[in-house]
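Biologist: I am new to this model and would like a close look at a single part of it, namely the charged side chains that pair up and the nonpolar side chains at the surface. Please begin with the chain as a whole, so that I can place the details.

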Amino acid sequence: MAEKAKEIYEEFIQTEAPKEVNIDHFTKDITMKNLVEPSLSSFDVAQKRIHALMEKDSLPRFVRSGFYQELVK
């Protein structure tokens with residue numbers, strides 16, 4: 001579990017990660033501290049923050065997009 005958690009952190013969370021998600025430094029710090037002793041909930045704070053950002057920003061923009069509007073016709 002520790003190795004997989006490290007891989008996820010390095011690919012998505014850490015600054016300048018190859019597929020870095022847009023979360024604040026506070027959330028990144030909490031996630032990094034959670035990885036000292038990884039558990040099933042190590043990424044919960046980051047996941048909740050990402051879902052909130054998607055709900056408030058990405059999803060509304062997608063729903064208004066021409067691509068989505070064409071899809072639902």
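**Charged pairs and a nonpolar patch**

Modeller: Of the 73 residues in the protein chain, 16% are buried, where buried means under 20% relative accessible area, exposed means over 50%, and partly exposed lies in between, with a 1.4 Å probe and protein chains only. The model is a predicted one, in which local features need pLDDT of at least 70 and side-chain atom pairs count only at pLDDT 80 or more, while totals for chains, interfaces and linings use all residues. Residues are numbered from 1 along each chain as its sequence is written, and side-chain values use heavy atoms, with hydrogens and water left out.

The protein chain has four helices and zero strands (DSSP runs, H or I of at least four residues for helices and E of at least two for strands, numbered from the N terminus), so that the order from the N terminus is α-α-α-α. Along the principal axes, its C-alpha atoms fill a box of roughly 50 × 25 × 20 Å. The radius of gyration of the protein chain is 15 Å, whereas a compact globule of 73 residues would come near 11 Å; the value is taken over C-alpha atoms, and the globule rule is 2.2 Å times the number of residues to the power 0.38. Among contacts (heavy atoms within 4.5 Å) between residues at least 6 apart in sequence, 33% join residues at least 24 apart.

Turning to the charged pairs, the structure holds seven salt bridges, each being a side-chain nitrogen of Lys or Arg within 4 Å of a carboxyl oxygen of Asp or Glu. One of them joins K28 to E20, with the closest N and O atoms 2.4 Å apart. The two partners differ in their surroundings, because K28 is buried at a relative accessible area of 6%, while E20, at 35%, is partly exposed.

A further salt bridge brings together the side chains of R49 and D24, at 3.2 Å from N to O. This pair links distant parts of the chain, 25 residues apart, since R49 lies in helix α3 (residues 44-64) and D24 in the loop between α1 (2-13) and α2 (25-34). R49 is partly exposed at 34%, and D24 is likewise partly exposed, at 29%.

Helix α3 also holds the pair D57 and R61, which are four residues apart and therefore separated by about one helical turn. Their side chains meet in a salt bridge of 3.1 Å, N to O. D57 is partly exposed at 39% relative accessibility, and R61 is partly exposed at 47%.

Finally, there is the nonpolar side of the surface, where L59, F62, V63, F67, L71 and V72 form a patch with about 580 Å² of accessible area together. Such patches are made of residues with over 30% relative accessible area and no salt bridge, like charges being joined within 9 Å and nonpolar side chains (Val, Leu, Ile, Met, Phe, Trp, Tyr) within 5 Å. The elements giving two or more residues to this patch are α3 and α4 (66-71), and α3 gives the most, with three residues. V63 belongs to helix α3 and is partly exposed, at 34%. Over the whole protein chain, about 5800 Å² is exposed, of which carbon and sulfur atoms supply 57%; these areas come from the Shrake-Rupley method with a 1.4 Å probe, and for residues only the protein chains shown count as cover.
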